[in-house]
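Reader: I have a model open and would like to learn to read it. Where do we begin?

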Amino acid sequence: MVPALQVSGLSKVYDNGFQALKGIDLTVEQGDFFALLGPNGAGKSTTLGIVSGLVQKTAGSAAIMGHDVNTQAFDAKRDLGVVPQEFNFNQFEKVRDIVVTQAGFFGLTASQAGDNADYLLKALDLWDKRDTQARMLSGGMKRRLMIARALVHKPKVLILDEPTAGVDIELRRSMWEFMQQLNQQGTTIILTTHYLEEAEQLCRNIAIINQGEIVKATSTRELLSQLHTETFVFDLDSAVPEGLQLPGYDVSVASQDCIEITVEKGQSINAIFQQLTEVGLEVRSMRTKSNRLEELFVNLVQESK
């Protein structure tokens with residue numbers, strides 16, 4: 001089975017001499033939900049630009065479903081849907097027309113285009129806005145319109161570049177559900193995001209890019225296993241006793257009824273609950289202080305400098 005995306009020795013040097021990519025290798029298997037992460041200027045957008053045919057590479061190769069993006073451009077683009085960061089549709093065109101028009105670029109009949117568009121607009125909660133000019137949509141609706149347009153020709157690979165930027169939490173969660181369903185139906189999804197909890201929640205494999213180089217490529221599970229400590233926030237049902245200590249744990253008081261506890265890899269969280277109960281404290285809620293993947297991301301980027 002050919003990979004959904006195969007990148008080999010990919011390099012890009014701009015006219016001003018800046019080397020955005022330094023011979024990166026990257027493989028995304030069919031059916032994967034894959035995250036490409038990195039700080040601003042790391043090379044994510046350049047990589048995706050080359051893969052989608054919008055940026056010319058300096059060296060190396062890139063292929064979608066085995067089709068070279070340069071020598072077999074039509075076949076590669078037929079198998080690829082791209083949702084860019086910026087809105088790039090006609091703001092005065094109606095929502096349904098935008099999706100149907102996109103289908104025409106891939107040779108779909110009017111009937112096929114209409115059926116596919118209607119299905120996607122309903123699935124993405126845009127059906128009631130189908131005859132509305134795109135300029136009248138909210139930012140979140142415009143983002144969903146971009147996804148519908150990218151999917152109308154039923155590509156095998158979908159690239160989502162910051163798909164939930166500017167989207168509220170509730171809508172973001174519903175988009176997560178849609179993307180997970182899409183992936184479960186067989187579509188390979190490649191995601192870039194600054195909301196690192198998205199990668200942790202959605203993606204099975206991750207590559208981290210920094211300064212034009214891949215610094216880590218592994219499974220999300222394996223990456224998270226490298227985390228040696230994690231800080232949990234405990235909201236309590238009463239005030240924190242003065243001088244509270246829990247043997248074996250580093251405890252700090254965040255507020256009158258809230259504590260933070262650093263847990264090392266292998267330590268039991270259940271033991272914390274037991275010790276709190278023994279001193280007469282009950283936990284109302286518990287959460288992590290910071291995203292686990294974010295901590296690892298920062299450490300890996302710092303190590304690569």
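Author: We take a helix, then the hollow spaces, then the cysteines.

Author: This is a predicted model, so local features need pLDDT of at least 70 and side-chain atom pairs count only at pLDDT 80 or more, while totals for chains, interfaces and linings use all residues. Residues are numbered from 1 along each chain as its sequence is written, and side-chain values use heavy atoms, with hydrogens and water left out.

Reader: How do I read a helix?

Author: An α-helix has 3.6 residues a turn, so residues three or four places apart point the same way. Helices here are DSSP runs (H or I, at least four residues), as are strands (E, at least two), numbered from the N terminus. Now take α3, residues 95–104.

Reader: Which residues of α3 are buried?

Author: Val95, Ile98, Val99 and Ala103. Buried means under 20% relative accessible area, with a 1.4 Å probe and protein chains only. Seen down the axis of α3, these buried residues fall within an arc of 140 degrees, so they line one face of the helix. The arc is that of the directions from the helix axis to the C-beta atoms.

Reader: What do the buried residues of α3 pack against?

Author: They pack against α4 (110–123) and α5 (139–151). Contact means heavy atoms within 4.5 Å.

Reader: Now the hollow spaces. What is a pocket, and what is a cavity?

Author: Work on a 1 Å grid over the protein atoms alone. A cavity is a set of points where a 1.4 Å probe fits but cannot get out. A pocket is an open set with protein on both sides within 12 Å along at least five of seven lines. Lining residues have an atom within 4 Å of a point.

Reader: How many cavities of 30 Å³ or more are there?

Author: The search finds 1. Val51, Ser52 and Gly53 are among the residues that line the largest cavity. Helix α2 (residues 73–78) gives the largest share of that lining, 3 residues.

Reader: What is the volume of the largest pocket?

Author: About 470 Å³. A volume is the space filled by probe spheres set on the grid points, which are joined across faces, edges and corners. Of the 21 lining residues, Ser52, Leu54, Val82, Val83 and Pro84 are the closest to its centre. β6 gives the most to this lining, with 4 residues.

Reader: And how many disulfides are there?

Author: The count is 0. A disulfide is a pair of cysteine sulfur atoms within 2.5 Å. Cysteine 203 is buried, at 6% relative accessible area. Cysteine 258 is buried, with 6% relative accessibility.

Key: Buried < 20%, exposed > 50% of the residue type's maximum accessible area, 1.4 Å probe, protein only.
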